[in-house]
Amino acid sequence: MNNGPDAFELHARQPDNVEKASVQVEDSALASAQASRDDENLQAGPTRRTRLTGKFSHIWELFERPDPSSRLQNPLVLLRLSPRQAYTFSVAFLGWMVDAIDFFCVSMSTTELGDAFGVEPSRVTSAITVTLMLRPVGALVFGVIADRHGRRIPLMVNLFLFTIIELASGFSHNLSTFIGLRAVYGILMGGEWGLGSSLAMEALPVESRGIFSGILQEGYAVGNLVAAMMYYAIVPNLGWRALYWISIIPAAITIVLAYFLDETDAWRQARQAQRASSKPYYIIVLDMLKQHWLRCIYAIVLMAAMNFLSHGSQDLYPTFLKKQHGFSPKQATVGTIVGNLGAIVGGMFFGYISEYLGRRRTIAICAICGACFIPLWILPSKFGQLLAGAFFIQVFVQGAWGVIPVYLSEISPEGFRATFPGLSYQLGNLVSASASQIEAAMGEKNPLPELRDGARVPNYGRVQGILIGAIFCCVLVLIVVGREERGKSFTQGTKS
């Protein structure tokens, strides 16, 4: 060891045994300090790696190998929950599935609704637009109530009102009435996601959040799948009105199950902290916005891109199969079912993988891979090839979405875990509300060059491909510049 001339001479004048002891002590201290740093880095977990520093270090970490301390666990072990956890998660899943059933009843029956009301499908899709535009209202109202008074009662009220609107939709005799009812439904649908997501993520073990996040979000795909099967069984035989009347049955069952829910420990702790504060609630909200305003904006923009991705790839696809390719309603239903099977597979798989790869890296992989399957999704003329494209595009679209519930919950400010994810999600929906209407209108304005039965055929496929390709790129950029807090404890406010 060379510490300069003076130090070297000083050591030279010491006895040999003293010099050796000094060197051993210094080497031991260095080894101990290095071991301590290694232990700190290992205990910090996969989201607190310290090799890179600086303002943009989180961007470069996205391109590194996953942390050695993080490893894939047996998914069967992660799926084991206590009875209380399993029951809470089941109710949250069913609530989201019920909302999705009704939402997709509209997108699947646009042709029948247009015929009944004497309008083009593009005008019927305005009901979808209105539904999406009013979802932020429900997210704000039900989110604030849930953060202050608990999740259980707001969830029950939300689902009860939902059954009333669902029933009334089947009695609509003109487009204006139908759109008005869908507007109220949009408020209710906006409130449900934040309630269910916070309820589920707070109840689950930290290590199981990823895989159950994927399962929870695919309640949306399961609802789409159930709606497709109901459409296939009901509409050709009983008409579109019966589709809405019969779909209230799952909602009624979920209301009964929600009655027996318990509030989560995380909510009780957050509420106790709010009550202990001398500040009025609106001051607490303003303080949160002052501290986390950039995070709020980021979440909204990301959710706008993600909702464009979801609605742009799903809502008009049955109409694309029927109108542009001339397939029967039954074939369009099969296409929807196959796409949703891909969504369920993707959501569960990538939600699980996100515990190892990280939330952002997983979403980035889905965006890149999903863009590669756009040609197979829209270009073939054969039904089987289109089915393959529908399957794989939804594997990656909903694979990215499978990470969203846990990602938003983990970056949520404490005490706002129902309002922050729900409102950012639904404000993003507001921005993307016109996705299906844009696709329908642009497809009708830019028809295929050939005529079918003397009429022009809308080119929905080209518009869908361009839009979804652009949105995949946007999602990739946003997720690269974002941050994550994987493994955050909801009861301690620290990393687990």
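This text walks through a predicted model, taking its salt bridges, a nonpolar surface patch and one helix in turn.

Salt bridges come first. Side chains of opposite charge can pair when their charged atoms come close. Across the whole structure, a search finds 12 salt bridges. One of them joins Arg-84 and Asp-265, whose closest N and O atoms are 3.9 Å apart. Arg-84 belongs to helix H5 (residues 83–108) and Asp-265 to helix H14 (residues 265–276), so this pair ties together parts that are 181 residues apart in sequence. Neither end of the pair is classed as buried: Arg-84 has a relative accessibility of 37% and counts as partly exposed, and Asp-265, at 46%, also counts as partly exposed.

A second pair sits in another setting. Asp-147 and Arg-151 meet through their side chains in a salt bridge, with an N to O distance of 3.0 Å. Asp-147 has a relative accessibility of 3%; buried means under 20%, so Asp-147 counts as buried. Arg-151 is buried as well, with a relative accessible area of 2%. The two residues also take part in a network of salt bridges, in which Asp-147 and Arg-151 are linked with Glu-202, Glu-414 and Arg-417.

A further salt bridge is formed by Glu-484 and Arg-486, with 3.5 Å between the closest N and O atoms. Both of these residues are buried.

The surface offers a feature of another kind. Leu-167, Phe-171, Leu-238, Trp-245, Ile-246, Ile-249 and Ile-253 form a nonpolar patch there, and together they have about 650 Å² of accessible area. Two helices, H12 (240–246) and H13 (248–258), each supply at least two residues of this patch. Leu-238, another member of the patch, lies in helix H11, which covers residues 219–238. Its relative accessible area is 59%; the cut-off for exposed is over 50%, so Leu-238 counts as exposed.

The last stop is helix H22, residues 419–431. How far should its 13 residues span at 1.5 Å a residue? The expected span is 1.5 Å times one less than the number of residues, which means 18 Å for H22, and the end C-alpha atoms of the helix are 18 Å apart, in agreement with that value. Buried residues in H22 include Thr-419, Phe-420, Pro-421 and Gly-422. Further along the helix, Ser-424, Tyr-425, Gln-426, Gly-428 and Asn-429 are buried too.

Technical notes. Residues numbered from 1 in each chain as written. Predicted model: local features only at pLDDT ≥ 70, side-chain atom pairs only at ≥ 80, totals over all residues. Heavy atoms only, no water. Patch = residues over 30% accessible without salt bridge, like charges linked within 9 Å, V, L, I, M, F, W, Y side chains within 5 Å. Areas by Shrake-Rupley, 256 points an atom, 1.4 Å probe, with all protein chains shown as cover. Salt bridge = Lys/Arg side-chain N within 4 Å of Asp/Glu carboxyl O. Helix = DSSP H or I, 4+ residues; strand = E, 2+ residues; numbered from the N terminus. Buried < 20%, exposed > 50% of the residue type's maximum accessible area, 1.4 Å probe, protein only.
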